[in-house]
Amino acid sequence: MDKNYKELLPKWFEEQTKNELVLSNDLDSLVSCAIIKKVKDWKVRYFYDFKNLYKSDKIEGDKDKRVWVD
(Lines give C-alpha, C1' and ligand atoms only; values in the text may rest on other atoms or scores of the structure.)
Protein backbone atom coordinates (compact mmCIF):
# COMPACT_ATOMS: atom_id res chain seq x y z
CA MET A 1 0.00 0.00 0.00
CA ASP A 2 1.25 3.47 -0.80
CA LYS A 3 2.77 4.93 2.38
CA ASN A 4 0.86 8.22 1.97
CA TYR A 5 -2.49 6.41 1.96
CA LYS A 6 -1.48 4.16 4.84
CA GLU A 7 -0.72 7.19 7.00
CA LEU A 8 -4.30 8.42 6.48
CA LEU A 9 -5.82 5.27 7.96
CA PRO A 10 -7.03 5.42 11.56
CA LYS A 11 -4.77 3.81 14.16
CA TRP A 12 -7.31 1.12 15.13
CA PHE A 13 -6.89 -0.37 11.67
CA GLU A 14 -3.36 -1.59 12.44
CA GLU A 15 -3.94 -2.60 16.06
CA GLN A 16 -3.86 -6.30 16.87
CA THR A 17 -6.59 -6.01 19.51
CA LYS A 18 -10.11 -7.31 18.94
CA ASN A 19 -12.61 -4.49 18.69
CA GLU A 20 -16.39 -4.59 18.39
CA LEU A 21 -18.26 -3.04 15.49
CA VAL A 22 -21.25 -0.72 15.74
CA LEU A 23 -23.45 -1.02 12.65
CA SER A 24 -25.61 1.92 11.58
CA ASN A 25 -28.86 1.82 9.62
CA ASP A 26 -27.56 2.16 6.07
CA LEU A 27 -26.10 -0.05 3.38
CA ASP A 28 -22.59 1.43 3.35
CA SER A 29 -22.24 0.62 7.05
CA LEU A 30 -23.29 -2.98 6.40
CA VAL A 31 -20.78 -3.36 3.55
CA SER A 32 -18.00 -1.72 5.59
CA CYS A 33 -18.72 -3.99 8.58
CA ALA A 34 -18.61 -7.03 6.28
CA ILE A 35 -15.20 -5.99 4.95
CA ILE A 36 -13.81 -5.33 8.42
CA LYS A 37 -15.21 -8.67 9.61
CA LYS A 38 -13.44 -10.44 6.74
CA VAL A 39 -10.12 -8.59 7.16
CA LYS A 40 -9.91 -8.21 10.96
CA ASP A 41 -12.39 -10.87 12.17
CA TRP A 42 -14.16 -8.32 14.37
CA LYS A 43 -17.83 -8.96 15.10
CA VAL A 44 -20.81 -6.64 14.89
CA ARG A 45 -22.04 -6.36 18.49
CA TYR A 46 -24.17 -3.21 18.34
CA PHE A 47 -26.66 -1.45 16.13
CA TYR A 48 -27.11 2.34 16.10
CA ASP A 49 -30.07 4.09 14.45
CA PHE A 50 -28.81 7.64 15.17
CA LYS A 51 -31.13 7.82 18.19
CA ASN A 52 -30.46 4.65 20.16
CA LEU A 53 -27.72 2.08 20.62
CA TYR A 54 -28.98 -1.50 20.66
CA LYS A 55 -27.22 -4.58 21.99
CA SER A 56 -28.03 -7.98 23.38
CA ASP A 57 -28.30 -8.27 27.15
CA LYS A 58 -25.69 -11.02 26.92
CA ILE A 59 -23.01 -8.64 25.63
CA GLU A 60 -20.76 -7.02 28.19
CA GLY A 61 -18.91 -4.65 25.91
CA ASP A 62 -16.15 -2.17 26.56
CA LYS A 63 -16.84 1.34 25.24
CA ASP A 64 -13.16 1.75 24.39
CA LYS A 65 -13.27 -1.26 22.04
CA ARG A 66 -16.19 -0.02 19.93
CA VAL A 67 -15.55 1.04 16.35
CA TRP A 68 -18.50 2.97 14.90
CA VAL A 69 -18.88 2.16 11.20
CA ASP A 70 -20.82 4.36 8.80
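This is a short talk about one protein chain, with most of the time spent on its helix α2.

Okay, hi everyone. Before anything else, please keep in mind that we're looking at a predicted model.

Let's start with the overall picture. The chain contains two helices and four strands, and if you read along the sequence you get the pattern α-β-α-β-β-β. The C-alpha trace spans about 40 × 25 × 20 Å along its principal axes. There are 70 residues in the chain, and buried ones make up 23% of them. As for contacts, if you take those with a separation of 6 or more, 54% come from residues 24 or more positions apart.

A quick word on the surface. The accessible surface is about 5700 Å², and carbon and sulfur atoms account for 53% of that. On the charge side, we have 15 positive and 14 negative side chains, with the centres of the two sets 5 Å apart.

Now, on to α2. This helix covers residues 27-40, so that's 14 residues, and at 1.5 Å a residue they should span 20 Å. The end C-alpha atoms are in fact 20 Å apart in the model, which agrees.

So which residues of α2 are buried? They are Ser29, Cys33, Ile36 and Lys40. These four cover an arc of only 65° around the axis, which puts them on the same side of α2. If the spacing looks odd to you, remember that an α-helix has 3.6 residues a turn, so residues three or four places apart point the same way.

And what do the buried residues of α2 pack against? Three strands: β1 (20-24), β2 (43-48) and β4 (66-69). Turn to the face pointing away from that buried side, and you'll find the exposed residues Leu27, Ile35, Lys38 and Val39.

Then have a look at what comes just after α2. That's aspartate 41, and it takes a positive phi of about 60°.

One last stop, over at serine 56. You'll find this residue in the loop between β3 (53-54) and β4. Is serine 56 buried, exposed or partly exposed? It has a relative accessible area of 34%, so it counts as partly exposed. Serine 56 and tyrosine 46 are ten residues apart along the chain, and their C-alpha atoms are separated by 7.9 Å.

That's my tour, thanks for listening.

Key: Residues are numbered from 1 along each chain as its sequence is written. This is a predicted model: local features need pLDDT of at least 70, side-chain atom pairs count only at pLDDT 80 or more; totals for chains, interfaces and linings use all residues. Side-chain values use heavy atoms; hydrogens and water are left out. The expected span of a helix is 1.5 Å times one less than its number of residues. Buried means under 20% relative accessible area, exposed over 50%, partly exposed in between (1.4 Å probe, protein chains only). The arc is that of the directions from the helix axis to the C-beta atoms. Contact means heavy atoms within 4.5 Å. Accessible areas come from the Shrake-Rupley method with a 1.4 Å probe; for residues, only the protein chains shown count as cover. Lys and Arg count as positive and Asp and Glu as negative; His and the chain ends are not counted. The place of a charge is taken as NZ of Lys, CZ of Arg, CG of Asp or CD of Glu.
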